[in-house]
Structures are given as structure tokens and as C-alpha cells.
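Please consider the following structure with its sequence at hand. The paragraphs below lead through two residues and then an internal space.

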Amino acid sequence: MLIHILYRYIYISIKSDSGVFHTIRIFGYEQIKSFQVHVKTQDRGSPPLSSNVTVNIFVQDQNDNDSQILYPVHTDGSLVAEMVPHSADVGYLVTKVVAVDVDSGQNAWLSYKLLKATDRALFEVGLQNGEIRTLRQVTDKDAVKQRLVVVVEDNGQPSRSATVNVNVAVADSFPEVLSEFGDFSQNKDYNENLTFYLVFSLATNV
């Protein structure tokens, strides 16, 4: 019996004597999720008899993409800081880490965790929504300059993750922030020609 693909296909090949399919290129679920292959089987009789069949191929998603941080975004030579006033109470919304994952299903389910913080007792990160809120009331004793490191992790097996630095200024005025954050230009993580951006939070206590 002879088996062959009726139409030339760029994704797979088939053994004519056994009917076994083989891939001839790497599949990307994000580019193609399914396709059809039309196959003809023919015996060696005289005259030969044949039959056609359509095979549906479904591509399974693999967790092969890291999460992408959409906000906050750090570019070379710039520093973004969120400003939190001293009047901020418990549960004050500082900012929100926004991330996406182009994988599918549970591979794209994201969780957010606080990996490092200048003061772990001051901030928390929402596990499912990435919202950064205050755990307690802000006081005059809190350092103006606060740095958080948030890790975004997907639910794939094995999981993949990405991290982002979130800079927070505990202050009531712009000059107060500049005096404290000026030394970031000497930090090896930032470019010497630093551009400073202060984000005034529009959030209210919830």
C-alpha cells in the first residue's frame, strides 16, 4: 500500500509505507493552532484502488514565552518614580504592575509577588492584579526613597517569570523627591545621563 499527501505541506511529511507523520519544522502555537492534511492511500492492485482522508492536526501550546512587563517601563537614561504622600493610609493604591503573556490557557495566567523591598512592612502586591498598596499608614519616619522588586510569574510547568523595579517616593513635594532620588544617577543600574519622571498617582484610598 502506498500512502502520500495529496497536497504539498510545509509542516509535516509522511512515510509512504507506514503512514507515520513526521514534523519538518518547529510549530509555534502563537502562529498556527491547527491545520488539515489531505492524505491519499492506494494499494498495489491492478487496477489500483485508492481512498482519501482528511487528518486534523491540533498544535498544543507550550510555555515558551516569558511574561512582558507593560508598566512600569524603564528605558535607558530614565527613572520613573511613583509619589506617595505622607497622608496615605492603609490600602492606598500606589501603582499597578501591568504584564501580559502571549502563551495560552494556564500558561498565560499571571501572578505577582514582592521579591524585594526597602521596607517590606510598608507595601504589598496583589497576587492576581499586580496592584501595589500600602500595608500601613505612611509616616514622616519612612524613607523618601523606596525601591520594590516585583516578580511576575506564569502558571506554566515549568513556570517562567520576569521582574521589574518599582521606584516609590514617599513625599509631598517635587523638590523633596529630587533631593533624595538624585543619587540614582550614580547607581550602576541606571545611565549617567538620567532623566527623572515623577508619576503623580491619581488613586484614592480604597
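Two residues are in contact when they have heavy atoms within 4.5 Å of each other. The model is predicted, with local features needing pLDDT of at least 70 and side-chain atom pairs counting only at pLDDT 80 or more, whereas totals for chains, interfaces and linings use all residues. Residues are numbered from 1 along each chain as its sequence is written, and side-chain values use heavy atoms, with hydrogens and water left out.

His86 offers a starting point. Leaving aside neighbours within four places in sequence, His86 is in contact with Val138, Thr139, Asp140, Val170, Ala171, Asp172 and Glu176. The residue sits in the loop between S7 and strand S8 (93-96); strands (E, at least two residues) are DSSP runs, numbered from the N terminus. His86 counts as buried because its relative accessibility is 15%, the term buried being used under 20% relative accessible area, exposed over 50% and partly exposed in between (1.4 Å probe, protein chains only). With Asp172, the contact is also polar, side chain to side chain, at 2.9 Å. A polar contact is a pair of N or O atoms within 3.5 Å; within protein, one must be able to donate a hydrogen and the other to accept it, and residues adjacent in sequence count only if both atoms are side-chain atoms.

A second loop, between strand S5 (50-58) and strand S6 (68-71), holds Asn63. Asn63 is likewise buried, with a relative accessible area of 14%. Not counting residues up to four places away in sequence, Asn63 touches Asp103, Asn107, Asp154, Gly156, Gln157, Pro158, Ser159 and Arg160. Of these partners, Asp154 lies 91 residues away in sequence, yet the C-alpha atoms of Asn63 and Asp154 are 8.7 Å apart in space. Their side chains make a polar contact of 3.2 Å. The side chain of Asn63 also has a polar atom 2.9 Å from the backbone oxygen of Pro158.

What does a search of the whole structure find by way of cavities? There is 1 cavity of 30 Å³ or more; on a 1 Å grid over the protein atoms alone, a cavity is a set of points where a 1.4 Å probe fits but cannot get out, and lining residues have an atom within 4 Å of a point. Its volume, about 30 Å³, is the space filled by probe spheres set on the points, which are joined across faces, edges and corners. The lining consists of Pro72, His74, Val80, Glu82, Thr95, Asn165, Val166 and Asn167. Strand S7 (78-84) and strand S14 (161-170) are the elements that give two or more residues to this lining, and S14 gives the most, with 3 residues.

Conventions
1 Å grid on protein atoms, 1.4 Å probe; cavity = no way out; pocket = protein on both sides within 12 Å on 5 of 7 lines; lining within 4 Å. Helix = DSSP H or I, 4+ residues; strand = E, 2+ residues; numbered from the N terminus.
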